[in-house]
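Reader: I've got a model open and want to talk through its charged pairs and overall form. Can you walk me through it?

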Amino acid sequence: MLDLTLRPNRSLTRANARTLVLAVGGLFLIGSIRFLVLGLWPVIPFMIADVALLAWAFRSNYRSGGAHERLVLAGDALTLTRVNPWGEEVEHVLEPFFTRVDIEETPLGDALLFLNVSGRRLRVGQFLSAPERREVGALIREALARYRNQRPSTSVMA
């Protein structure tokens with residue numbers, strides 16, 4: 001009925017990020033040669049540190065991009081599986097008949113998506129943009145409504 005995998009958005013691929021770091025490193029190399037010729041060599045370690053920090057930032061960004069959430073509505077369970085960047089999974093099994101989808105609008109125009117059931121409140125899609133959370137919330141609501149409106153077949157074949 002429902003099988004959604006939610007992943008963080010990344011604007012650059014790993015290859016493009018590597019290319020960007022190499023390009024910045026190349027520009028800094030050219031600049032450091034100029035500083036060296038002018039006798040301003042103490043600037044060079046700071047330029048190296050800048051490139052190293054840029055590379056570290058992209059690496060951390062892509063590591064966190066490995067996190068994802070999967071929502072599956074099958075049988076009599078709505079399962080939310082969260083996978084952190086290191087591959088560890090946490091699974092929440094919810095009763096779909098009593099699960100409510102809440103989208104809270106904030107004063108700044110953000111939207112927060114929650115699944116509520118039996119006093120438990122689970123936030124979904126923290127890494128998504130507000131329009132994406134609204135869209136995912138609508139998809140979950142629709143799937144839960146279809147689940148609730150299902151009638152088991154009671155006809156007997158004769």
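Author: Sure, first a term: a salt bridge is a side-chain nitrogen of Lys or Arg within 4 Å of a carboxyl oxygen of Asp or Glu. This is a predicted model, where local features need pLDDT of at least 70, side-chain atom pairs count only at pLDDT 80 or more, and totals for chains, interfaces and linings use all residues. Residues are numbered from 1 along each chain as its sequence is written, and side-chain values use heavy atoms, with hydrogens and water left out.

Reader: What is the N to O distance in the salt bridge of arginine 121 and glutamate 104?

Author: Arginine 121 lies in strand S7 (residues 120-124) and glutamate 104 in strand S5 (residues 100-105), so the pair ties together parts 17 residues apart in sequence. Strands here are DSSP runs of E, at least two residues, and helices runs of H or I, at least four, numbered from the N terminus. The N to O distance in this salt bridge is 1.9 Å.

Reader: Which residue does arginine 134 meet in a salt bridge?

Author: Arginine 134 sits in helix H3 (residues 130-149), and its partner is in strand S5, 29 residues apart. The N to O distance is 2.8 Å, and the partner is glutamate 105.

Reader: And which residue pairs with aspartate 3?

Author: The closest N and O atoms of this salt bridge are 2.6 Å apart, and the partner is arginine 70. Aspartate 3 is in strand S1 (residues 2-6) and the partner in strand S2 (residues 68-74), so the bridge ties together parts 67 residues apart in sequence: that's arginine 70.
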